[in-house]
Each structure stands twice: as structure tokens, then as C-alpha cells.
Amino acid sequence: MKKFFLIAAAFCASFLFQACEEENELIFVAVAPDGIEFTNAFANEYLLSEDTEDNIAERFVWVEPDFGAPVNKTYDLQASIDPEFGAFDVVGSSNTTNIAVTVKLLLDYAGDLGLDDDPTTTDADGNPNNTGAVHFRLRAYAGAGTGSNTEVFSDVVTLNIRLIEKVALKFSSSRRAQF
């Protein structure tokens, strides 16, 4: 009888050790959400000047997407002068649901477009050379790395920009500025 209890105890012990080796953790699998979109309204045109380059031109705001699991989310705001996004820059990354874009950034893209604030220059059609467009989209993905396969992109939003042209002030000889 003593041998029976020892054999039963050994069997129970081996069963317990085997049970401890199994994974009993929940595994969550993130899935790409249906979509993501900006919630703010955008202006028809953004007037740009070097005098205001430190100001915020626009704050992009969106609703947090549902990846179907409790995962960390990262957002990349991408910008391009190409509406098809053949080439683009990541102008901001965040784990919150908004990213601000400064006038300085839009001025940099105006330079890439060949725009200027000189009222005497024109484009090939003879129009003022001070207007253009910059395109933005949002990439949302699970995790914090760049190589995520659970990602979603927003629709492209186009910001029409106009550089404020500089005009030289002229004083006539009969009217002089008084200080």
C-alpha cells in the first residue's frame, strides 16, 4: 500500500509540473481598423509670412481608432507636395490624437514648390508665384515600431497655401513720415 501512495504521489507531482509548463496567458491579436479620419475643419486657404513662422498654422485632430485589442497606438502625420504621396515626409509622430503644424513647416514646403513672396515674379502662365498646395495624411498603427502590419491611413487632406507678397512702401517727397 505504501508503494501505491508513492506511485500516486509521483504521478500527481509529474502532472503538476507538466501543467505549470503550459502557457495560460491571454493572447491579443490587433487587427487593422476600418479607417481613421480627421475631425477638425480646415481653412480654405492658409496665409503664410516669415513674420509668423513660429505660429501654429493648423492642429490636426482625429479620433482614436479601434484595433480590436488593448494595444499601444502610434500616429505619424505625413506631408507631401505630391498628392499621390510618391515621396513624403513624416512631419510628426505621437501617441496622442493631435499634432500641430507650424507656419515654418508650410513655408518650407512653399520653398519646395518654388513659391516666393516677390510680387514681380510669376509662374509660366503669368499668374503670381505665391500659391500652392501641401497634402497631409495620417498613418495609425499598433505598437511603437515603424514596421507594423496593422496600420491604417486617413484620406489625404490638401492645405492651400498663399505666401503674403511683400510690397515696398514708397513715400512721396511731399509727404514724409513724421516721427
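Trainee: How far apart are the closest N and O atoms in the salt bridge that D76 forms with R139?

Mentor: Keep in mind that this is a predicted model, in which local features need pLDDT of at least 70 and side-chain atom pairs count only at pLDDT 80 or more, while totals for chains, interfaces and linings use all residues. Residues are numbered from 1 along each chain as its sequence is written, and side-chain values use heavy atoms, with hydrogens and water left out. A salt bridge is defined as a side-chain nitrogen of Lys or Arg within 4 Å of a carboxyl oxygen of Asp or Glu. D76 and R139 form such a bridge, and their closest N and O atoms are apart by 3.3 Å.

Trainee: How many residues apart are D76 and R139, and which strands hold them?

Mentor: Strands here are DSSP runs of E with at least two residues, helices are runs of H or I with at least four residues, and both are numbered from the N terminus. This pair links distant parts of the chain, with the two positions 63 residues apart in the numbering. D76 lies in strand β3 and R139 in strand β6.

Trainee: Are D76 and R139 buried or exposed?

Mentor: We call a residue buried under 20% relative accessible area, exposed over 50%, and partly exposed in between, using a 1.4 Å probe and protein chains only. R139 has a relative accessible area of 7%, and therefore it falls in the lowest of these classes. Taken together, both D76 and R139 are buried.

Trainee: Which residue does the side chain of R139 join through a polar contact of 2.6 Å?

Mentor: A polar contact is a pair of N or O atoms within 3.5 Å; within protein, one must be able to donate a hydrogen and the other to accept it, and residues adjacent in sequence count only if both atoms are side-chain atoms. The partner lies 12 residues from R139 in sequence, and 6.8 Å away in space from C-alpha to C-alpha. The residue whose side chain is joined to R139 by the contact of 2.6 Å is E151.

Trainee: Which residues does F153 touch, not counting residues up to four places away in sequence?

Mentor: F153 lies in strand β7, residues 151-153, and it is partly exposed, with a relative accessible area of 34%. Contact means heavy atoms within 4.5 Å. One partner is R137, 16 residues away in sequence and 6.9 Å away in space, C-alpha to C-alpha. The residues that F153 touches are I36, Q78, R137, L138 and R139.

Trainee: How many residues apart are E45 and R162, the pair that links distant parts of the chain?

Mentor: The side chains of E45 and R162 meet in a salt bridge, at 2.8 Å from N to O. E45 sits in the loop between α1 (2-21) and β1, whereas R162 sits in strand β8, so that the numbering separates them by 117 residues. E45 is partly exposed at 35%, and R162 is partly exposed at 32%. The separation asked for is 117 residues.

Trainee: In which sense does strand β1 pair with β8, and over how many bridges?

Mentor: Two strands pair if DSSP finds at least two bridges between them. β8 also pairs with β6 (residues 131-142), in the antiparallel sense over six bridges, and there F136 has V157 of β8 as its bridge partner. On the β1 side, Y46 stands opposite I161 in β8. Strand β1 (residues 46-48) pairs with β8 in the parallel sense, over three bridges.

Trainee: Which residues form the covered face of strand β8, and which the uncovered one?

Mentor: Strand β8 runs over residues 157-163, and its residues are divided between two faces. T158, N160 and R162 belong to the uncovered face, while the covered face is made of V157, L159, I161 and L163.

Trainee: Why are D108 and K104 separated by about one helical turn?

Mentor: D108 forms a salt bridge with K104, and the closest N and O atoms are 3.0 Å apart. Both are partly exposed, D108 at 38% and K104 at 37%. The separation is about one helical turn because, in helix α2 (residues 103-112), they are apart by four residues.

Trainee: How many salt bridges does the structure hold?

Mentor: Side chains of opposite charge can pair when their charged atoms come close. E50, D117 and K166 are linked in a network of salt bridges. For the structure, the number of salt bridges is seven.
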